[in-house]
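Please read the following account alongside the coordinates, moving from the aromatic side chains to the nonpolar cores and then to the charged groups.

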Amino acid sequence: MPRTDRRSTRTGATHARWPAHPVPIDTGTAQVVVRADDPTGATLMVNGVPSSFLDLADPSRLEFEYQQQMAALVEAMPAGPLRVLHLGAGACGLALALEAARPG
């Protein structure tokens with residue numbers, strides 16, 4: 001997604017502004033939606049369907065239940081670095097959360 005400019009949020013995280021309208025992609029449209037009551041969180045919408053979520057101030061925050069369940073499985077694994085592949089990762093929310101929880 002093209003970024004137009006940056007501003008600081010109330011938490012100090014840097015947040016980019018994306019176009020306020022859907023952007024054409026190969027399979028339809030994509031749009032990043034930021035709610036006024038959650039300025040560090042952003043939802044990636046693909047063809048109008050919520051597809052991924054990121055919190056720029058807290059990468060461990062997972063809003064989608066399927067991601068929370070996958071993260072719970074990883075937490076149950078022995079400590080140490082992981083080698084993980086998440087196909088169809090959208091905005092890479094799960095990958096960022098796993099890296100925050102298990103660096104390396």
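Phe64 has a relative accessibility of 17% and counts as buried, whereas Tyr66, at 37%, is partly exposed; here buried means under 20% relative accessible area, exposed over 50% and partly exposed in between, with a 1.4 Å probe and protein chains only. This is a predicted model, in which local features need pLDDT of at least 70 and side-chain atom pairs count only at pLDDT 80 or more, while totals for chains, interfaces and linings use all residues. Residues are numbered from 1 along each chain as its sequence is written, and side-chain values use heavy atoms, with hydrogens and water left out.

A search of the whole structure finds one aromatic pair. Phe64 and Tyr66 form this pair, with 6.2 Å centre to centre and 45° between the planes, and it is tilted (rings of Phe, Tyr and Trp, the last by its six-membered ring, pair if their centres lie within 6.5 Å; planes under 30 degrees apart count as stacked, over 60 as edge-to-face and the rest as tilted).

Gln67 belongs to helix α1, residues 65-75, where helices (H or I, at least four residues) and strands (E, at least two) are DSSP runs numbered from the N terminus. Gln67 is buried at 0% relative accessibility, and, its neighbours within four places in sequence aside, it is in contact (heavy atoms within 4.5 Å) with Ser52, Leu62, His86 and Leu94.

Leu62 and Leu94 also belong to the largest nonpolar core, whose six residues are completed by Ala71, Val74, Ala97 and Leu98; such a core is a set of buried Ala, Val, Leu, Ile, Met, Phe, Trp, Tyr and Cys residues joined through side-chain atoms within 4.5 Å. Helices α1 and α2 (93-101) each supply at least two residues of this core, and the largest share, three residues, comes from α2.

By the rule that a side-chain nitrogen of Lys or Arg lies within 4 Å of a carboxyl oxygen of Asp or Glu, the count comes to five salt bridges. One of them joins Asp38 to Arg61, with the closest N and O atoms 2.7 Å apart. Asp38 lies in the loop between β4 (28-33) and β5 (41-46) and Arg61 in the loop between β6 (49-55) and α1, so the pair ties together parts that are 23 residues apart in sequence. Asp38 is buried at 7%, while Arg61 is partly exposed at 22%. Arg61 also forms a salt bridge with Asp55 at 2.6 Å between the closest N and O atoms, and another with Glu63 at 2.8 Å, N to O. Salt bridges that share partners join Arg35, Asp37, Asp38, Asp55, Arg61 and Glu63 into one network.
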